[in-house]
Amino acid sequence: KAGWPWLVRHWHISENRSLYLARESNASWVTRHEVEQFENLVVTPVRSALDLFELSRELRNCLVDAKYARDCASGEIELLSVRKIKTQQIIGCIGIDYRGDSPHVFDAGGFANEPPNGQFKQLTATISGRFASLAG
């Protein structure tokens, strides 16, 4: 039976492999969004595989999966990191899907994919509202 030490060791191996691939690919992409401020939060588009890896590491989520980097590079989706302005503490990430007829927020999550709350929830609603007003 594999126990906790085995799981942690394999997670570290996987994380190191993902970091290596992000650095080696040197993949970067153009985004539709610019850095913007929302109250005491700053929203920054993820523009490279290495940025995506670091965001995934900070949030402890699955963004490190190569699928997200491919979808970002192709322009099908964009990911926005959300941080506190003063401390640069990561609050969460917002995913925008550009496939189909109208762009929309397809995901928003905080640390370990926690649902947005407080200002982060308000920010997600504001961004969703922008796309809804463009569509209708």
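Let me begin with Glu58, which is partly exposed, its relative accessible area being 31%, and please keep in mind throughout that what we are looking at is a predicted model. The side chain of Glu58 meets that of Arg83 in a salt bridge, at 2.5 Å from N to O, and this pair links distant parts of the chain, since Glu58 sits in helix H2 and Arg83 in strand E3, 25 residues apart. Arg83, for its part, is buried, with a relative accessible area of 16%.

Staying with helix H2, which covers residues 49–59, I would point out that Ala49, Leu52, Phe53, Leu55, Ser56 and Leu59 are buried there. Looking down the axis of H2, we find these buried residues within an arc of 165 degrees, so they line one face of the helix. Just after H2 comes Arg60, which takes a positive phi of about 55 degrees.

Let me return to the charged pairs, for the structure holds eight salt bridges. Another of them joins Arg32 to Glu78, with the closest N and O atoms 3.1 Å apart. Because Arg32 lies in the loop between H1 and strand E1 (36–38), while Glu78 belongs to strand E3 (residues 77–84), the pair ties together parts that are 46 residues apart in sequence. As for their surroundings, Arg32 counts as partly exposed at 48% relative accessibility, whereas Glu78, at 4%, counts as buried.

A more local case is the salt bridge between Asp71 and Lys67, whose closest N and O atoms are 2.7 Å apart. These two residues are four apart in helix H3 (residues 66–74), and therefore they are separated by about one helical turn. Asp71 is buried, with a relative accessible area of 11%, and Lys67 counts as partly exposed at 38% relative accessibility. Both residues also belong to a network of salt bridges that links Lys67, Asp71, Glu76, Asp97 and Arg99.

Asp97 brings us to strand E4 (residues 90–97), which runs antiparallel to strand E5 (residues 104–109) and is joined to E5 by five bridges. Within this pairing, Gly95 stands opposite Asp107 in E5. The hairpin of E4 and E5 has six residues between the strands, and in this hairpin Gly100 takes a positive phi near 90 degrees.

I will finish at the surface, where Trp4, Trp6 and Leu7 make a nonpolar patch of about 380 Å². Leu7 lies in helix H1, which spans residues 4–25, and at 44% relative accessibility Leu7 counts as partly exposed.

Technical notes. Residues numbered from 1 in each chain as written. Predicted model: local features only at pLDDT ≥ 70, side-chain atom pairs only at ≥ 80, totals over all residues. Heavy atoms only, no water. Patch = residues over 30% accessible without salt bridge, like charges linked within 9 Å, V, L, I, M, F, W, Y side chains within 5 Å. Areas by Shrake-Rupley, 256 points an atom, 1.4 Å probe, with all protein chains shown as cover. Salt bridge = Lys/Arg side-chain N within 4 Å of Asp/Glu carboxyl O. Buried < 20%, exposed > 50% of the residue type's maximum accessible area, 1.4 Å probe, protein only. Pairing = 2+ DSSP bridges. Arc of directions from axis to C-beta.
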